[in-house]
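Me: I would like to learn how to read strand pairing, domain contacts and an annotated position from a structure, taking one topic at a time. Could we work through them together?

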Amino acid sequence: HGTSKINEKGHLEIGGVDTIQLAKEYGTPLYIYDVALIRERARSFKEAFEKMGVKAQVAYASKAFSSIAMFQLIDEEGLSLDVVSGGELYTAVASGFPASKIHLHGNNKSKAELKMALDHGVGCIVVDNFFEIELLKDLTKTSGQKISVLLRVTPGVEAHTHDYITTGQEDSKFGFGLLNGQIEKAIETVLDSSHIQLLGIHCHIGSQIFDTAGFVLAAERVFMKIKEWKSQFSFIPEVVNLGGGFGIRYTAEDEPLPATYYVEKIVEAVKNQVNEMGIAMPEIWIEPGRSLVGDAGTTLYTTGSTKNVPNIREYVAVDGGMSDNIRPALYQAKYEAVLANRALEKHDVPVSIAGKCCESGDMLIWDLPLPEVKSNDILAVFCTGAYGYSMANNYNRIPRPAVVFVENGEAQLVVKRESFEDLIVNDLPLQSKVINK
Ligand code: LLP
């Protein structure tokens, strides 16, 4: 997929760059992003809205993968940015991302984070709870600033992959209850404040969703309430943000729809509601993370030790694992992979790929068909672009990998590999061992 192919040397090539060359130059584990594929995904979301003649904002959910270069790429493609913490906001500002196109999320934003957002002039804050409304009131009263907000609701629709469940009473740590009177209280409180401008409503129903029915149902539920708010508060949202969550293909078992299809279904559902109510079409905002970067990312590892458990299994260990990709250990997430240096050889010997962390659960892939693996082969694991590097950690004091962008035959290092020195940079010695210089 994307710009991946096998070159004349039998090596996996991405973005016109030989991955074996990349492994040599930057070392492994290595995250590689196919920039052309990210651009294509970004454009197709925007075009889908344009085709339907709807005013929209597509905000990249930066939790999927954030770095300065990534934010600059998102800006080049004209998308907005969803950040959920002071750290993501700091990175966005450092990248030069236009603050007016940044949305701040989070279920427990601190006063300092809210102040930071106001100081930088972010475009919108997605308000999650009553505590936050009070913090915002305090902050804006002191500074005299005005801030646009969306109120996040839990619509009682929760979706995971193929299934969605609807619950009357929404049990989630995020947002105001849509059906239990909480959101009306929140609307009243916000409409009452002269510094907080209520732009609209937000909801997000889950992640890695394949079916469109959950999105349609969430939109319908939100509009059912908007109908009431129109007469109750004369409040009609200018913006309805339906979150992210569009599924991608990790393995042959996954059958996602093209991202644009979700957009079409969402827009159709909203149009139906709006026509019925005789109100103007609001702006539709979405926040895809995984579907923008997931399949654009590939991780390279070098194989090392092997272990045969007679009649049961062959283990092949690589030089990374749950420290750079915790998803298999955390969610039993499945991935496909090939030997990047021998990509043309028959992949028909099942082996299980072990990480190098001291934990039995640190297995990346079970029973993966590969050619007969030797040590120092390069394994390429596909679709690691979302929630891979961003959830990487230093368990066992393993340094985080480097990240490289490839496009049009060129590679660019965008995140340096952590060094051992980086690992101890915040460590302080025991007082008694401090040597007075
Ligand atoms: N908007 C909100 C409010 C969200 O909470 C999320 C994801 C997104 C947008 C983006 O969702 P996406 O399009 O990426 O599915 N660590 C998990 C995924 C957690 C998703 C959290 N929220 C994983 O590795 O699968």
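Me: How many bridges join β17 to strand β22, and in which sense do the two run?

Reply: The general idea is to look for bridges between two strands and then to ask for the direction in which they run. In this predicted model, five bridges join β17 to β22 (residues 378-382), and the two strands run antiparallel. One residue pair to look for is Thr299 with its bridge partner in β22, Val381.

Me: Which strand pairs with β17 over four bridges?

Reply: That strand is β4 (residues 30-34), which pairs with β17 (residues 297-309) in the antiparallel sense. Here the bridge partner of Tyr31 is Thr299 in β17, and Thr299 is the residue that also has Val381 of β22 as a bridge partner.

Me: What should I look for where β17 meets β18?

Reply: In a hairpin, one reads the bridges and then the residues that link the strands. Five bridges join β17 to β18 (residues 313-318), again with the strands antiparallel, and Thr303 stands opposite Val318 in β18. Three residues lie between the strands of this hairpin, where Asn311 takes a positive phi near 65°.

Me: How do I read side chains along a strand such as these?

Reply: As a general guide, side chains in a regular strand alternate between the two faces of the sheet.

Me: Into which domains is the protein divided?

Reply: There are two parts to follow: domain 1 covers 5-33 + 294-423, and domain 2 covers 35-291. Their centres, taken over C-alpha atoms, are separated by 33 Å, while 21 residues of domain 1 are in contact with 17 residues of domain 2. On the side of domain 1 that touches domain 2, the elements giving two or more residues are β23 (402-407) and β24 (410-415), and β23 gives the most, with four residues. The residues of that side divide into 13 nonpolar, four polar and four charged.

Me: Where is Lys63 found, and is Lys63 buried or exposed?

Reply: For an annotated position, it helps to separate what the record says from what the coordinates show. An unreviewed UniProt entry lists Lys63 for "modified residue: N6-(pyridoxal phosphate)lysine". In the model, Lys63 is found in the loop between β5 (56-61) and α3 (68-76). Lys63 counts as buried because 20 other C-beta atoms lie within 10 Å, the cut-off for that class being 20 or more. Leaving aside residues up to four places away in sequence, Lys63 touches Val84, Gly289 and Ser390.

Terms used: Residues numbered from 1 in each chain as written. Predicted model: local features only at pLDDT ≥ 70, side-chain atom pairs only at ≥ 80, totals over all residues. UniProt positions renumbered as here; feature names shortened; annotations may be inferred. Buried ≥ 20, exposed ≤ 12 C-beta atoms within 10 Å, placed from the backbone. Contact = placed C-beta atoms within 7 Å. Domains from an automatic or database assignment. Nonpolar A, V, L, I, M, F, W, Y, C, P; charged D, E, K, R; others polar. Pairing = 2+ DSSP bridges.
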